[in-house]
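Student: Please take a close look at one strand and what surrounds it. I am new to this structure, so explain each term when it comes up.

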Amino acid sequence: MKRISEPSLVLPNLPRRQFLQGLAAGGVMLGLSPWLKPAWAQEAAQPVKVLTGKEFHLTIAQTPVNFTGRPRMATTINGSIPGPTLRWREGDTITLRVTNRLNEPTSIHWHGIILPYQMDGVPGISFPGIAPGETFTYRFKVEQTGTYWYHSHSGFQEQTGMYGAIVIDPADADPIRADRDYVVVLSDWTDEDPMTVFAKLKKQSDYYNFNQLTVVDFFRDVAHEGLGAAIEKRKMWNQMRMNPTDLADVSAYTYTYLMNGTTPAGNWTGLFRPGERVRLRFINGSAMTFFDVRIPGLKMTVVQADGQNVEPVTVDELRIAVAETYDVIVEPKEDQPYTIFAQSMDRTGYARGTLAPRPGLAAEVPALDKPEWLSMTDMMGAMGHGAHGGMPTGHGAHAMPAMDHSQHGMAGAAGGGMEHGGHAMPAGAAMGAAPVRARHAKTEYGPSVDMRVDMPRTNLDDPGIGLRNNGRRVLTYADLHTIGGPLDPRGPEREIELHLTGNMERYTWSLDGLEFGKSTPVHFRYGERLRVVFVNDTMMTHPMHLHGMWSELESPDGRFQVRKHTISVQPAQRVTFLVTADALGRWAWHCHLLYHMDAGMFREVVVA
């Protein structure tokens with residue numbers, strides 16, 4: 001992406017908190033040039049348009065925006081962030097003409113949509129992309145229903161605003177009844193050029209992590225655990241060259257979190273009448289941010305995951321990974337406003353909106369939860385289950401030096417140093433089936449991999465770091481059951497194991513130790529039913545997205561769980577899912593964290 005030159009501009013010295021919350025009216029700027037306006041001039045959070053029918057015209061262009069007090073240029077679809085919500089009907093054949101007004105190639109990928117690969121919109125895989133000044137016509141039959149989204153698959157255009165929602169109505173009556181229906185798109189915005197963000201991460205992967213350990217933390221550990229244990233704890237993390245607060249690569253230091261293109265200060269609002277059933281279609285359209293969503297005072301009944309109806313499950317909170325969607329039903333009874341609160345997983349900021357009986361009302365906004373340290377469960381999988389949350393005490397200091405981050409598998413080295421007796425497993429970290437020893441490819445033993453897990457955990461009932469034992473009922477994958485069961489009753493004919501790998505210091509991300517440029521395509525035989533095994537050998541959670549085909553997640557004991565297009569794999573975790581290779585062609589398969597994908601965690605899949 002080309003950097004946009006910015007003339008000198010005198011800006012108000014806004015405090016950091018104001019940047020975190022953004023401008024009350026931040027959004028697309030009305031007028032000619034952003035550089036001709038003062039930063040505090042009139043901006044407007046434009047309502048997102050809804051387009052319906054069978055034919056759509058979308059124009060990609062640069063548009064001035066202002067979310068933080070500094071005018072910037074965004075990549076927009078029909079001039080708005082998010083782009084227009086596209087409302088389709090099951091069974092229709094739709095035509096979308098996408099015109100590129102940028103001075104660089106672009107594309108639109110229809111995320112989670114089952115379609116011919118030539119319509120999938122991934123440059124270099126499914127088509128050449130859309131050149132400047134050209135119009136590309138997408139045409140396909142809509143074979144499914146539910147909530148989905150679309151976004152650019154070119155460069156970092158997704159980070160600069162190019163995404164929008166898709167809602168597909170059933171051909172017949174919708175089994176999910178609601179009096180009101182709102183799309184809630186969560187996203188992250190940075191005033192920095194995404195190339196600059198990426199360059200900083202390549203030079204220093206924790207550049208945006210301001211939750212680093214401090215002297216105060218050390219003396220707190222001394223007070224609680226004693227001087228020797230505190231020193232051993234620091235020594236252990238230093239030897240591993242890892243940081244227990246490494247929860248997100250990019251934080252609110254540069255991000256302003258948006259809800260339907262509106263800053264927290266702007267307070268997007270959806271109206272209701274007390275007693276109504278309100279359907280909220282949550283879409284995480286961000287580049288790099290996991291959100292933990294709750295509405296204080298209201299229970300959320302999850303009725304759909306990644307566009308597929310699921311058996312209803314009522315929770316207080318859910319974590320939505322990048323690219324996932326969740327539909328929930330809420331039933332506010334009282335004549336009062338409720339805050340929709342979506343805090344980032346690293347607890348540095350939040351997106352926020354309001355459900356209100358009348359415009360202009362707002363409820364109290366909760367304080368951010370305190371960030372938690374990564375635990376031994378997050379570091380070592382099944383080998384770390386005896387550790388207490390946050391940091392092991394007693395045995396952990398002896399176990400960790402046995403970890404090897406250069407050439408050897410973790411469990412093999414750690415086996416002699418672990419103590420397991422007498423330690424209860426942390427809540428939410430219960431083991432599923434018996435641990436399975438991972439099979440590491442030879443390609444994992446290279447400079448692109450700094451960590452391997454030999455005995456990953458298989459627990460789908462773990463809500464993840466920051467959500468364990470918080471006193472709220474939190475959704476987990478173990479709660480999700482797709483109505484109607486699997487699409488294909490066959491068992492697997494073949495198994496593929498892939499490891500999610502990386503080297504934090506180099507900021508390289510890969511599959512089986514091979515970045516995309518060094519890899520060869522994964523081959524699926526047309527019509528086969530196969531099991532895919534993902535083992536996460538890294539400290540970070542990766543939302544993995546397979547284009548063109550459904551991923552049917554299995555429980556640890558091999559039963560069908562839920563159908564998804566994006567599966568989030570926690571650190572040191574093993575997940576399995578079945579795929580029916582019923583879509584001929586070339587498809588993308590990648591981590592949906594934008595900078596991880598660009599750094600190499602991407603493969604091509606060929607179905608033939």
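Tutor: Strand E19 is covered on both faces: Thr325, Asp327 and Ile329 are buried on one side, and Tyr326, Val328 and Val330 are buried on the other. Buried means under 20% relative accessible area, against over 50% for exposed and in between for partly exposed, with a 1.4 Å probe and protein chains only. The strand runs over residues 325–330, and 6 of its 6 residues are buried. Strands (E, at least two residues) and helices (H or I, at least four) are DSSP runs numbered from the N terminus.

This is a predicted model, in which local features need pLDDT of at least 70 and side-chain atom pairs count only at pLDDT 80 or more, while totals for chains, interfaces and linings use all residues. Residues are numbered from 1 along each chain as its sequence is written, and side-chain values use heavy atoms, with hydrogens and water left out.

E19 has two strand partners to describe here. Strand E14 (residues 278–284) pairs with E19 in the antiparallel sense over 6 bridges, where a pair needs at least two DSSP bridges between the strands. Ile283 has Thr325 of E19 as its bridge partner. Strand E16 (residues 300–305) also pairs with E19 in the antiparallel sense, over 4 bridges. Here Ala305 has Tyr326 of E19 as its bridge partner.

After E16 comes a loop, and Asp306 lies in it, between E16 and strand E17 (308–315). Phi of Asp306 is near 50°, a positive value in a residue other than glycine. Most residues other than glycine have a negative phi. Asp306 counts as buried because its relative accessibility is 0%. Asn260 gives a second case, with phi near 50° and so a positive value in a residue other than glycine. Asn260 sits in the loop between strand E12 (255–259) and strand E13 (268–271). Its relative accessibility is 8%, so Asn260 counts as buried too.

Strand E10 can be read in the way E19 was. E10 covers residues 163–169, and 7 of its 7 residues are buried. Tyr163, Ala165, Val167 and Asp169 are buried on one side of E10, and Gly164, Ile166 and Ile168 are buried on the other. Strand E9 (residues 146–151) pairs with E10 in the antiparallel sense over 6 bridges, and Gly146 stands opposite Ile168. E5 pairs with E10 in the parallel sense over 4 bridges, and Arg89 stands opposite Asp169.

The loop before E5 holds Pro82, which lies between strand E4 (72–77) and strand E5 (85–89). Ile81 and Pro82 are joined by a cis peptide bond, with omega about -5°. Most peptide bonds are trans.

Next, the core. The largest nonpolar core has 138 residues, and Trp88, Trp110, Leu280 and Phe524 have the most contacts inside it. Strand E11 (residues 180–190) gives the most to this core, with 6 residues. Such a core is a set of buried Ala, Val, Leu, Ile, Met, Phe, Trp, Tyr and Cys residues joined through side-chain atoms within 4.5 Å. In soluble globular proteins, nonpolar side chains tend to be buried together. Trp88 touches, among other residues, Phe56, Trp110, Phe140, Ile166, Val167, Ile168 and Asp169, leaving out those up to four places away in sequence. Contact means heavy atoms within 4.5 Å.

Finally, the whole protein. Its secondary structure comes to 8 helices and 32 strands. Buried residues make up 61% of its 608 residues. Of the contacts with a separation of 6 or more, 77% are between residues 24 or more positions apart.
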